[in-house]
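Me: I would like a close look at a single part of this model. Please keep it brisk and work outward from there.

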Amino acid sequence: QAWAGVLIATTWNLWVTRAELTTVARPNDTSVHEAMVGWASARISRGDSPFDGWFPDLALGLPQFHHYQSLPHIIAAYAGALFHTDRIVDISAWLLWGTWPVAVYMGARLLGLGKSAALAAAILSPLVSNVDFYGFEMGSYMWRGNGLWSQAWGMWCLPIAFGLGTRYIQTGSGVAPAAGAVALVGALHF
């Protein structure tokens, strides 16, 4: 029953934000993320490593993949090639934010909350808001906000990392999953 509620919340999020899949110029950080994914895709298609090289599309250029959390960009470059789309940034931002209640539910359950409390957290999670769009609300990730695409990856994994980390602290078991989840959040977004 609880998963049915999470499914309803997720379906609602995806339906309400479906316009995010419209191709438009992004007035925020999304354009940089799209350029990074495109650069990584080009490196992969040439047989070069996407983890190394000079990224020329920002300022005078820099080794961006050494100085920025680039794991989401590399995953997206491979996914874009797999699914034959250059719109992977838009699609993944929409899916990450739209399925945010799933991550909150799983994290809440890992924290030890009951099904009802975890369901309430999942249903209410899309309503989280702050003033400047640098939090977990829709505006941080979507067109009208800051376009914090790589943060959306870390945001999605954070509740699970909290749950696994808390479980390890409380029980002393499960160090590998806890450490792996925390490391993944760090690799996706600091």
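Which residue just after H4 takes a positive phi? Please also describe the helix itself, what covers it, and the open and closed spaces in the structure.

Reply: This is a predicted model. The residue is His-84, with a positive phi of about 55°. His-84 comes just after H4.

Start with the helix. H4 runs over residues 71-83 and has 13 residues. From its first C-alpha to its last it reaches 18 Å. That is close to the 18 Å expected at 1.5 Å a residue.

Next, its buried side. Pro-72, His-73, Ile-74, Ala-76, Ala-77 and Gly-80 are the buried residues of H4. An α-helix has 3.6 residues a turn, so residues three or four places apart point the same way. Several helices help to cover the buried residues of H4. Among them are H2 (30-45), H3 (64-67) and H5 (88-98). H8 (149-171) and H9 (175-188) also belong to that cover.

One of the covering helices, H2, holds His-33. His-33 counts as buried because its relative accessibility is 3%, and the cut-off for buried is under 20%. Leaving aside neighbours within four places in sequence, His-33 is in contact with His-73, which is one of the buried residues of H4. The other contacts of His-33 on that basis are Tyr-68, Val-89, Gly-147, Trp-149 and Ser-150.

Now the open space. The largest pocket holds about 180 Å³. It is lined by 14 residues, and Val-37, Gly-38, Ser-41, Thr-85 and Asp-86 are the closest to its centre. H2, H4 and H5 are the elements that each give two or more residues to this lining. H2 gives the most, with 6 residues. By class, the pocket lining has 7 nonpolar, 5 polar and 2 charged residues.

Then the closed space. A search of the whole structure finds 1 cavity of 30 Å³ or more. The largest cavity holds about 80 Å³. Its lining has 12 residues, with Arg-26, Thr-30, Asp-90, Ala-93 and Tyr-141 the closest to its centre. Here H5 gives the most, with 4 residues. The cavity lining divides into 7 nonpolar, 2 polar and 3 charged residues.

Back to H4, then. H2 and H5 are part of what covers its buried residues. H2 and H5 also line the largest pocket, along with H4. Just past the end of H4 sits His-84, with its positive phi.

Methods:
Residues are numbered from 1 along each chain as its sequence is written. This is a predicted model: local features need pLDDT of at least 70, side-chain atom pairs count only at pLDDT 80 or more; totals for chains, interfaces and linings use all residues. Side-chain values use heavy atoms; hydrogens and water are left out. The expected span of a helix is 1.5 Å times one less than its number of residues. Buried means under 20% relative accessible area, exposed over 50%, partly exposed in between (1.4 Å probe, protein chains only). Contact means heavy atoms within 4.5 Å. On a 1 Å grid over the protein atoms alone, a cavity is a set of points where a 1.4 Å probe fits but cannot get out, and a pocket is an open set with protein on both sides within 12 Å along at least five of seven lines; lining residues have an atom within 4 Å of a point. Grid points are joined across faces, edges and corners, and a volume is the space filled by probe spheres set on the points. Ala, Val, Leu, Ile, Met, Phe, Trp, Tyr, Cys and Pro count as nonpolar, Asp, Glu, Lys and Arg as charged, and the others, Gly among them, as polar.
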